[in-house]
Amino acid sequence: MEEIRVSTTERAYDVRVGPGALGRIGDYLEGADRVAVIADERVAGIHGDRLEQALAGAGRGDTPWFLVPAGEACKTVEWFGNAQQFLLEAGCTRKSTVIAFGGGACGDLAGFASAAYMRGIDFIQCPTTILAHDSSVGGKTGINLPGGKNMTGAFHQPSAVLYDTDLLETLPPEEIRSGMAEAVKHQLISPDGHARDMLVTVDYSEMDEQTLLHYIVSGIRVKAEIVGRDEREGSVRKFLNFGHTYGHAVEAAAGYGGMTHGESVMIGMLYALILSEQLTGADRGLTDALQRFSERNGYPLRSVAGYPFEQLYGYMQKDKKASYGELHFVLLPEDGHPLMNKADREQCRKADEELRKRLGVLT
Ligand SMILES: NC(=O)c1ccc[n+]([C@@H]2O[C@H](COP(=O)([O-])OP(=O)(O)OC[C@H]3O[C@@H](n4cnc5c(N)ncnc54)[C@H](O)[C@@H]3O)[C@@H](O)[C@H]2O)c1
Ligand SMILES: [Zn+2]
């Protein structure tokens, strides 16, 4: 079992990663007068018995469960309200602990429900997707509004993260691609990263447990280090948005759920690398390596052909990180050394055109 310590101004907490990590849940429930689980219903159906057993082993066999719709569908005002009502009816007080059991969507909802209930109670993240190595650490929680993704939320750090990698075995291929895209991102933006090695060697169809664990742990370390320095995204935390401006635009254009978050971010990272070549003289070798890696691993890169630049640019302007019509991108002039850079419309268009050319979808 690997253990990573995250230190923020709000609190310090453990992230425990490895097979069987759920079995340690009792270590984090000692002071809780009541425990309540908020779980993704699909995950509860597949793996719920493991958490139930772990809770029973910790003397918490009477824990109430609240099942929310699988994936993104739970991140609504309505389910947020339902979760508040559940916590009240479950008899939760300020001394109670919520357990989030599911992927990033369930973690975001349960985290926000915990942040708001009685103005904030403890919660433990038990992530069940590869992507959630990113979302479960760092304390960003929230839900969607009809007009925009993640528009309502709070910073609320978990009291622990228990990441049981045994649960990842049941992930479908698109969720593996999605989560691994964030793992690639972490390697790319970190000065300690080994992105080029990863891009040459990793093939999802034959990735063993050790390799997966290695990239998950390494990604969490990168995120923990950045969040420890900048909890509220005033400075370096912005680098975690690498690939996300264009990626979010593709995700929105595809209609949320049409493409997974990480699949869209992979396209966004290719775009950001091309922009880095054009604006900072970055070496094309890295972009080519990322393109070969994502083609080999089945990322639906060519789907971008369905979304004209005008449409994507419209979405990019609505990005939370855009201010007064100027777009700010995380660029990578050199492996492991990101920086923030402005780009105007014409620069954005040129990079988009070059991306389409390289993907062979220029019309
Ligand atoms: N808070 C943050 O810092 C942060 C960071 C990145 C992403 N996010 C959010 O995370 C969400 C995406 O999270 P995600 O990619 O984990 O997807 P998800 O939570 O939407 O889950 C994807 C699908 O996988 C299923 N699933 C989950 N675990 C499974 C398992 N072990 N076996 C089989 N199926 C399983 C779910 O039921 C769902 O259908 C988005 O809402 C995004 O905004 C938050
Ligand atoms: Zn992301």
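**Group meeting talk: a ligand, a pocket and a cavity**

Okay, let's start with the record: an unreviewed UniProt entry puts the feature "domain: 3-dehydroquinate synthase N-terminal" at residues 67-177. UniProt positions appear here in the numbering used for this structure, feature names are shortened, and annotations may be inferred rather than shown by experiment. This is a predicted model, where local features need pLDDT of at least 70, side-chain atom pairs count only at pLDDT 80 or more, and totals for chains, interfaces and linings use all residues. Residues are numbered from 1 along each chain as its sequence is written, chains are lettered from A and ligands numbered from 1 in the order in which they are written, and side-chain values use heavy atoms, with hydrogens and water left out.

Back to residues 67-177: the C-alpha atoms at the two ends are 26 Å apart, and the span is 32% helix and 30% strand. Helices (H or I, at least four residues) and strands (E, at least two) are DSSP runs, numbered from the N terminus.

Now, the ligand. Which residues come nearest to ligand 1? Out of 25 around it, they are Arg42, Glu72, Gly104, Thr129 and Thr170; being around it means having a heavy atom within 4 Å. Let's look at polar contacts, which are pairs of N or O atoms within 3.5 Å; within protein, one must be able to donate a hydrogen and the other to accept it, and residues adjacent in sequence count only if both atoms are side-chain atoms. The side chain of Glu72 has an N or O atom 2.6 Å from an oxygen of ligand 1. Thr129 also puts a polar side-chain atom 2.6 Å from a ligand oxygen, and for Lys149 the figure is 2.8 Å. On its own, ligand 1 has 870 Å² of accessible area, and the protein covers 90% of that (Shrake-Rupley method, 1.4 Å probe; for residues, only the protein chains shown count as cover).

Who supplies the shell? α1 (41-57), α3 (104-116) and β8 (148-155) each give at least two residues, and α1 gives the most, with 4. By class, the shell has 7 nonpolar, 9 polar and 9 charged residues. Here Ala, Val, Leu, Ile, Met, Phe, Trp, Tyr, Cys and Pro count as nonpolar, Asp, Glu, Lys and Arg as charged, and the others, Gly among them, as polar.

Next, the binding site. The unreviewed UniProt entry places this feature at Glu182, His244 and His261. These residues span 80 positions in sequence, yet no two of their C-alpha atoms are more than 10.2 Å apart, so they gather at one spot. Of them, His244 is in the lining of the largest cavity, while Glu182 sits in helix α5 (residues 173-189).

So what's a cavity? On a 1 Å grid over the protein atoms alone, it is a set of points where a 1.4 Å probe fits but cannot get out, and lining residues have an atom within 4 Å of a point. The whole structure has 1 cavity of 30 Å³ or more, and the largest cavity has a volume of about 50 Å³. Volume here is the space filled by probe spheres set on the points, with grid points joined across faces, edges and corners. The lining has 5 nonpolar, 5 polar and no charged residues.

Methods: On a 1 Å grid over the protein atoms alone, a cavity is a set of points where a 1.4 Å probe fits but cannot get out, and a pocket is an open set with protein on both sides within 12 Å along at least five of seven lines; lining residues have an atom within 4 Å of a point.
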